Protein chains: 2
Amino acid sequence: MKETKRVKRDSDIRVDARIKVSGKARFIEDVEFANMLHGATIRSPIPHGRIASIVNLEKIRNMPGVRAVVTANDIPGENIVPFVKQDYPCLAPDEVKFHGQAVALVAAETVEEARSAARSAEFEYEEYPAVFDAVQAMKPDAVHVGGEDNVHSYFRIRKGDVDKGFREADVIVEGVFNNKHQVHCYLENQGVVAVPESGGGISVYGSMQCPFYVQNALVKVTGIRYSGIKVVQTVTGGGFGGKEDVPSILASHAALLALRTQRPVRIIYDREEDFISMSKRHPARTRVKYGATKEGKITACEAEYIVNGGAFCTLSPIVAWRGVVHISGPYDIPNVKADSYAMATNTVPCGAFRGFGQTQANFANECLMDELAEKLDMDPVELRKRNILKTGSRTSTGQVIGESCGLEETLIKAAEKINFKQHFGRDKGIRKKGMGISTTFYGVGLGAEGEYFAKAGAQVYVKEDGSVIVAIGNVEMGQGSNTVFNRICADTLGCPYESVEVLQPDTTRVPDSGPTVASRSTMVGGRAVLDAARQVCDTFRKVAADKLGVKPFDIEVDAVDSRYRCSRGEMSYFEVVNEAYRRREKVAAQGWYRVEGCTFDQETGQGNPYSVYTYSANACEVEVDTETGQVTVTKFAAAHDIGKAIHMISAEGQIQGGTVQAIGYALHENLVLENGRILNPSLTGYTVPTSLDACDVIPIIVEHPHGEGPFGAKGLGEPPMIGSAAAILNAIYDATGIRFRHTPCLPEDIVKELSKLSI
Amino acid sequence: MKETKRVKRDSDIRVDARIKVSGKARFIEDVEFANMLHGATIRSPIPHGRIASIVNLEKIRNMPGVRAVVTANDIPGENIVPFVKQDYPCLAPDEVKFHGQAVALVAAETVEEARSAARSAEFEYEEYPAVFDAVQAMKPDAVHVGGEDNVHSYFRIRKGDVDKGFREADVIVEGVFNNKHQVHCYLENQGVVAVPESGGGISVYGSMQCPFYVQNALVKVTGIRYSGIKVVQTVTGGGFGGKEDVPSILASHAALLALRTQRPVRIIYDREEDFISMSKRHPARTRVKYGATKEGKITACEAEYIVNGGAFCTLSPIVAWRGVVHISGPYDIPNVKADSYAMATNTVPCGAFRGFGQTQANFANECLMDELAEKLDMDPVELRKRNILKTGSRTSTGQVIGESCGLEETLIKAAEKINFKQHFGRDKGIRKKGMGISTTFYGVGLGAEGEYFAKAGAQVYVKEDGSVIVAIGNVEMGQGSNTVFNRICADTLGCPYESVEVLQPDTTRVPDSGPTVASRSTMVGGRAVLDAARQVCDTFRKVAADKLGVKPFDIEVDAVDSRYRCSRGEMSYFEVVNEAYRRREKVAAQGWYRVEGCTFDQETGQGNPYSVYTYSANACEVEVDTETGQVTVTKFAAAHDIGKAIHMISAEGQIQGGTVQAIGYALHENLVLENGRILNPSLTGYTVPTSLDACDVIPIIVEHPHGEGPFGAKGLGEPPMIGSAAAILNAIYDATGIRFRHTPCLPEDIVKELSKLSI
């Protein structure tokens, strides 16, 4: 069969651009139902203890506008919001494990009435001792919070013989690195509306990444069967992982109130509530040790990775797993020993955040690589070149890198782009420049530990006028997936991009597409769209061939001009659609894709944890104001091998956005907790980069196509957030001569260390 | 492969029973949107003329609560509601053709404000001469209303040589029969809500039979492309054909107001508006002539069938076509000549109504058969037996009846059931009894003239807990189709009936399933459900076989006990689902079905107009009160060969409901028009049978399965409405000796004729 002709066409506008810039997009705040109530949450005032009662519950029930108060006793199903484990109660039954944990719910006629009622709750409680730090939680005498001995989960990698590896090393470096929480700070806070349906079911609309996770939670909490649950994602103002797991909590809460009142109930958090109760990036303490020969060949890596999972397990196991799988870096190292622990503490549960456990791990290993290069007196680019993964290399899990590895190309291109050259703290004057580099590899998708969800369904439906509806369970949350699905569908069917519309995901509409996480939408969801579009295209080829008097495989689909061609003649896409309708052909199809062949041995950590990897390198220049400690990122080149850019502008935007988010992680974002209580739950107290803090990130797209992805595409969402912080901290060292081993690296830290130097 | 074991199981409750009897079903009146406006219609005060202007338009715009007034000038797309032809304006541009035609629209904050504003319209107009009767409209000097010479459409049948046939006849009978309008009188009036969507599209929710027709109309009127239009059927309180075409008008109106105001707009008609403006069963004048040998073999049939289509064409061509195809009756007659005309007049446009042109035609031929039997001095059952269609017979279109013809069985069983025996007007006393009989055949589905729509798409989606969602474009409107789809799906998958939920149809969800008309849902929609369920079942068989260590075709699906069995062991349906999910199998599928092979030669009327026929016979006893003219149907046996009853109670209910509707048609329902204006637009002025008028109709299900239908099922919706009126009028003759050749046959007609006799 002749291949579809696909060439980048004029229109490069994202499919969601117009609706968003014109203000017409309907976020959850814009979704109103007739007769709708508003929900608010009564939360624990203590980080650990037993809530004996809400003393004034009856009074709250009778407050103005209040229509229902729901506690753990009122849950029709199980009091569990299911994540990896089944430990997170929907509403605290009596014991609370973190400050801000949901205890009860209020529904009232207005938002103000609901919140006012929730705020007025008075508690009778007994406070327990608490533990807030992951390392403290490991101690034998630590207060028990959760899991076995406070361990939510443990994973390890054992490859080769690290002792032997270190014996063979001429040089050994070791460091302990610390990262604090990071808050997602999506533009749109968490919000859902639950609507009771006449048949006894419930529909939930909301800002979310994983409608099918929410569906699972609703089944559990409400006791309603799957066919009675409908979850629809509304236009979502950012997720970054922060809308992976926790929307299930809000959705369950809203559903409980809606079932109780038999009226639609909307819950939208304000920023403070969102900060206090929603998931975060795990704080981490990471110890890494590298040994290398004097020629710069790494002989061994040992690592211990401890993340603070907070009070409940949520996604911590998978975060810790992804971290440990990648913790030795994108290098071919014969001997690796790594252990990772997700610990339970009395802090807000941590969950998914772009990078998903790799950000902290990569920060540690890539900063340490810089130290290793220095100790070897070797250029850090050169050191990496001697160790990086190439086709035929083996990762720390023993996986052989097969097709599609553009890591070296990303490294060379990123370094070249900013004329990478170290300054060695030699700059004179107050403002000192420095350069830093980092590399990353990233296992695309859910991998062996998330295999159950490693699937996607999609539906393509061509309407009578050639306009096309695409339904898929993966969500657009700003990352550009709808534009990618649009392109994959249009380029396959040979229709104009403008003809294809991607619907808001709806769990009743398409088979479970898995979650919208792990940079998997393009590669996995995209394959499902491709599968569906190909089936319809096959029908169109048959129709065109029959009309033109040739065989289907003689038909060439020209997606550029939207034509079906063969030697005997041609038809426009629209003529083909028309003819297919005349013949009453089925011009709709369901697509399906599942990722196969991932393995992971729990004992040794050996196997093929992911089927596809992406690769990236970041090179940056910073300027450090040695008086104020202010760090300005002045140049940043981010090169990513993503297989194939389905939509160039979106891909470049992902790189720029992820990098700026990493600048915030590296330099600005400082969540302060005291006794498990967040002291700065606001965007004034917790500062994210603004456009003034963002440098002109130069995205470099490297395309080593992978056979598994649609048109060769791999994943991109998370890698820009993973490697950048290390590059920045390495550049700060290069500018100042000071090694910082933590994030955020704040101006006060820099001033403090510089002042020590000058003493 | 072993066949699925299917046996009638305990539960015989309709799937929509609980929600309807408990009052929880949400009809369009229960569908509220936040910020919703209400629409009302300004209508023509004259039956024919030019509306120069609405004089007080500006004043109406400024009336309390009014938010928009829309006229023909404000239509963004084309001013056409598309039916078979493109003659029906959405809003009268200037010329109006019937009293009550929509001229302009008002949207206001409340229903009362909207209606009050609409009522206050004052017109400047010029009235034209008008024609109200179909036969008058045929005259050369008739006022021109529409079509060519007022003919909306014309069809003919030419088989054999009727002149020769009549020459061969020993006996000839001929009669002219008249039927007045019939009003659908669905429990729920017409209603829709249109909701403007943020992307510029529009969603319409409403009481309707044909969401895809509404979609087509919205595309036309709004100029929005198909992918931007979503039409969702809400729980529908009866249709009977009355919600086939005309909901497109309401939907277009509501959409215009919604697009104008950018707010949801609901339009629900009150009963008067519904009577005045919505479609009706066509009044008809039918002339039939039969010739037969003295042995009772019919040698020729000639017929002329004239229906009054009203001001616009809508579905009249198809009504006239179905009428003429069936007009010679379910008999094997060598020579047939028939002509049918749908005429344009200045009355409300007539459209679809259960029976769809066959009701009037069958009334004529079956009454005349009674006259023929009398003239031959032959029992009417015997006369029919000598002529009825059997396997191998040829219809009037020359079609050979293939498999599945249970007509003779229905005839025998119906007659037996009431011990059919004529009274010949011999009863003494005031109350006289009589018996009548009739037979019918019915081409299931859309046939050759509706081939474009003769298709159906469906989707079956098994969820994680084994609950199942079925999506299809055919609607439940009380006829029981959702129960039928439920049964077909559950019996195919081998799951409990309780596990399957059929969703409200949504045009964005499934491929065009065609309209819910022509008794096609079970046979055509059912096949699509069957196709989808079979695909999923094949996956389940594979999973079960693999687990049990056998081949898929060794697996026997036991739908009775919900088990997948083989010699090596068995799994419950739920275990199979669980295993399929574990393996990440695609457990959803799209089904598709199209009817093939229908033909009709426009010149000769020869061909295979339908692929499948159902057959029925009605036998009844009436008691005529000769003082009051009151006719009471005392016995009614209705035998229908429907191939296979998928859900017995629903099938029997269809027979009983249709028969009672036919009793109304025969005896009660009298729409009175004066100069094109309906004088009794209410349920007090126009009386339908109540439970007190309904006799105990005995349904007799005859099952001659047809290979094309699911599990052998054919169609049933319309036949009970087709043959019954003739049986009743034949019984009245038998009781009184008076031949009435019209419907409704009112008490006053009977008293009047009886009084002539007694003079």
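Mentor: Before we start, one definition: helices (H or I, at least four residues) and strands (E, at least two) are DSSP runs, numbered from the N terminus. Keep in mind, too, that this is a predicted model.

Trainee: Okay, let's try that out. In which strand is the place of Glu304(B)?

Mentor: Look along chain B for a strand whose run takes in this residue. The run covering residues 298–310 does, so Glu304(B) belongs to a strand by the definition of such runs. That strand of chain B is β14.

Trainee: Which side chain does the side chain of Glu304(B) join in a polar contact of 2.9 Å?

Mentor: Start with what Glu304(B) touches beyond four places in sequence: Thr286(B), Arg287(B), Asp339(B) and Tyr341(B) are among them. Another residue on that list also has a polar contact of 2.9 Å with Glu304(B), side chain to side chain. That partner is Arg285(B).

Trainee: Over in chain A, how many residues of helix α9 are buried?

Mentor: Helix α9 of chain A spans residues 316–326 and is mostly covered. The buried residues include Trp321(A), Arg322(A) and His326(A). They pack against several elements of chain A, among them β7, α10 and β24. The count of buried residues in α9(A) is 11 of 11.

Trainee: Is strand β18 of chain A largely enclosed or open, and why?

Mentor: Take the faces in turn: Val468(A), Val470(A) and Ile472(A) are buried on one side. On the other side, Ile469(A) and Ala471(A) are buried as well. Because 5 of the 5 residues of β18(A) are buried, the rest of the structure leaves this strand largely enclosed.

Trainee: What residue in the turn between β17(A) and β18(A) has a positive phi?

Mentor: These two strands run antiparallel and are joined by 5 bridges. One bridge pairs Val462(A) with Val468(A). The strands form a hairpin with 5 residues between them, and the turn residue with a positive phi of about 85 degrees is Gly466(A).

Trainee: Which helix lies in the β-α-β unit with β18(A) and β19(A)?

Mentor: β18(A) and β19(A) pair in the parallel sense over 3 bridges, and Ile469(A) has Glu501(A) as its bridge partner. The unit that they make with a helix is right-handed. The helix, residues 481–493 of chain A, is α13.

Trainee: Now β5 of chain A. What residue of β5(A) does Val70(A) stand opposite?

Mentor: β5(A) has 7 of its 7 residues buried, so this strand is largely enclosed by the rest of the structure. β1(A) pairs with β5(A) in the antiparallel sense over 6 bridges, with Ala108(A) as the bridge partner of His38(A). β3(A) is antiparallel to β5(A) too, with 5 bridges, and opposite Val70(A) stands Leu105(A).

Trainee: How are the two copies, chains A and B, related?

Mentor: A turn of 180 degrees and a shift of 0.0 Å along the axis lay chain A on chain B with an RMSD of 0.0 Å. The two copies are therefore related as by a two-fold rotation axis.

Trainee: In chain A, which residue has the C-alpha nearest the axis?

Mentor: The C-alpha in question is 2.1 Å from the axis. Its residue is Ala34(A).

Trainee: Last one: how far apart are the centres of domain 1 and domain 3 of chain A?

Mentor: Domain 1 covers 17–24 + 455–594, and domain 3 covers 284–448 + 601–758. The two do touch, through 19 residues of domain 1 and 22 residues of domain 3. Taken over C-alpha atoms, their centres are separated by 36 Å.

Conventions
Residues are numbered from 1 along each chain as its sequence is written. Chains are lettered from A and ligands numbered from 1 in the order in which they are written. This is a predicted model: local features need pLDDT of at least 70, side-chain atom pairs count only at pLDDT 80 or more; totals for chains, interfaces and linings use all residues. Side-chain values use heavy atoms; hydrogens and water are left out. Buried means under 20% relative accessible area, exposed over 50%, partly exposed in between (1.4 Å probe, protein chains only). Contact means heavy atoms within 4.5 Å. Two strands pair if DSSP finds at least two bridges between them. A crossover is right-handed if, with the strands pointing away from the viewer, the path from the first strand over the helix to the second runs clockwise. Copies are superposed by least squares on the C-alpha atoms of residues with pLDDT of at least 70 in both. A polar contact is a pair of N or O atoms within 3.5 Å; within protein, one must be able to donate a hydrogen and the other to accept it, and residues adjacent in sequence count only if both atoms are side-chain atoms. Domain bounds come from an automatic or database domain assignment.
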